[in-house]
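Welcome to the tour. Please have your viewer ready, with the selection panel open, and follow along stop by stop.

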Amino acid sequence: METALFGRELYDGGDDLAARLRVDMDRISELRRQWSPELADRLYDPRSPVGRYDAPSRGVVLAENTASAQPGRTAAVLDLAVDAPARLKLGSPHEPVLTVFNEFFPVPSTDFWRGVAEQLYGFAWCIADQTLLCPQCVHGSAATCVYGAWFDYHHFTADLSRIAEDSCRAMADYIDHVHRDHAPGARERTVMDAWLACLQALYLDVLHQKAARIAVGDDKQRSIRYRTVNSAGRALALLTSLERPSGEFTEQLVEATAFVGMTMHDACDRRHDNAAHESHNFFTLLSVHNQAESLPAVQRFCVDLWAWAIDHDQLWPILFAGRILIWNVYVTRYQTALLLDHLTPPSDAAPAYEPYADAVLNRMNPASRAARPHDYSIRATCRDKGAHDRLLDECLEHFAQCAGCAGYERADWQERTGHLDRGHARKAAGDMACVDRMAVYTILTQLERVWWAADPTARYKGPTSQWDPYLV
């Protein structure tokens, strides 16, 4: 079955690539009616170039979508929380990302298009420091998210038809730019490759029928890697790593950073994912694989990596996770700020799962084991506590001097969306200081309620209403 996205000529360029990508968009409804586990094999050309530059991505998407990988383990023994604010449709009062979006996609300033810019284009643009990276690669990454919305948000994207052609052209231009302007071996090619693997995963994800239960396959490591790919965690981690090209760069660190960054997204989303029977959430997929609530193992991994990053003067894993988290709070559709403000503490019952009980996570972890595994303080885990304190002091000094950030450390989560709006306005003007200080401060000091959001024993006591599970 011939496609552009899964075909062998995807990286060959050509004037017709945008048109062929549009055909792939238009076939989704037809292919959904044909879905079977064999469809992935029929779509994939074995000569597909995806994975040429980012070798760890190669084969993961196909392997997770074939008959032999169909779900076998269920969440029947788990207590999965679903209490949360309603998930909203696309819309936002925030202007900053729209101003950037409008440079490439001319649309009016309406609630809907502000939401499109914030949620879709912003998923990459808000995470990347455009002042340190290739501008075309930042735009290409963000445009990939817009193109991918046709798969990821297929069930409610009819209003996006206005920018369909533009998003296909932007996608083709990104592929052409990387091959024309970045030499063989350049990490920018690896980033682009990871984005295309993400698009392949999203395309196949939407072809599946909506799940009636949470279930996973038998290969835990592949499930984790697939989630880093289909969530764009891997592509975004690779992109963020380019901000500090002289820093440490290993496959283990990229995989760990991608995992940890997307746990911030998945912690905030877990209750909505549970309600919609979505299995691709790090907390839930690990809990199903382990047949026990696995929050302690995820929490331990995150704290270990952030402490390691401070000890080794490698700030980018913290920046990446923090930017993902504050973006999640900022996005109007998610209502994450409302969720975090209205959670009650989890129960005091001792968790059944130990922090270092997951052998797969232990192998992924670049840090040494913490001396006190049940102490989830980043500062306590650091060897260089002075470095931690200096980092925290820099954030507080910035808040004290910046009118836009003043009071961030004292605000509740809903109040913080105003700080984040002002920070992203400065980012749009070319200054990352506010976003980065808020991102780092949030990781270092404000995670308690984020962990509560992922904890099935914490309760949400705020306003809610019925919502369509296709909006997850």
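**Stop one: a cysteine in a loop**

Begin by selecting Cys126, which sits in the loop that joins α6 (111–125) to α7 (135–152). Keep in mind as you look around that this is a predicted model. Is Cys126 buried or exposed? With a relative accessibility of 1%, Cys126 falls under the 20% cut-off, so it counts as buried.

Now show what surrounds this cysteine. Setting aside neighbours within four places in sequence, the residues in contact with Cys126 are Val97, Arg323, Trp327, His424 and Lys427. For a sense of scale, add Tyr376 to your selection: Tyr376 is 250 residues from Cys126 along the chain, and their C-alpha atoms are 28 Å apart.

**Stop two: Arg323 and its acidic partners**

From the contacts of Cys126, pick Arg323 and display its side chain. Which residue forms a salt bridge with Arg323 at 2.8 Å? Select Glu243: the distance given is that between the closest N and O atoms of the pair. Arg323 belongs to helix α15 (residues 316–330), while Glu243 is in the loop between α11 (233–241) and α12 (251–275), so this salt bridge ties together parts 80 residues apart in sequence. Glu243 has a relative accessibility of 5% and therefore counts as buried. Arg323, at 1%, counts as buried too.

Stay on Arg323 and bring up Asp436. Their side chains meet in a salt bridge as well, with 3.0 Å from N to O. Asp436 lies in helix α21 (residues 433–445) and Arg323 in helix α15, so here the parts tied together are 113 residues apart in sequence. Both members of this pair, Arg323 and Asp436, are buried.

**Stop three: from α1 to α8**

Next, select Arg22 and Glu165, whose side chains form a salt bridge with an N to O distance of 2.6 Å. This pair links distant parts of the chain: Arg22 is in helix α1 (residues 17–26) and Glu165 in helix α8 (residues 164–181), 143 residues apart. Is Glu165 buried or partly exposed? Its relative accessibility is 40%, so Glu165 counts as partly exposed.

**Stop four: a network**

For the last selection, take five residues together: Asp54, Arg225, Arg234, Glu251 and Glu255. What links them? They are joined in a network of salt bridges. If you would like to keep exploring, how many salt bridges does the model hold? The count comes to 29.

How values were computed: Residues are numbered from 1 along each chain as its sequence is written. This is a predicted model: local features need pLDDT of at least 70, side-chain atom pairs count only at pLDDT 80 or more; totals for chains, interfaces and linings use all residues. Side-chain values use heavy atoms; hydrogens and water are left out. Helices (H or I, at least four residues) and strands (E, at least two) are DSSP runs, numbered from the N terminus. Buried means under 20% relative accessible area, exposed over 50%, partly exposed in between (1.4 Å probe, protein chains only). Contact means heavy atoms within 4.5 Å. A salt bridge is a side-chain nitrogen of Lys or Arg within 4 Å of a carboxyl oxygen of Asp or Glu.
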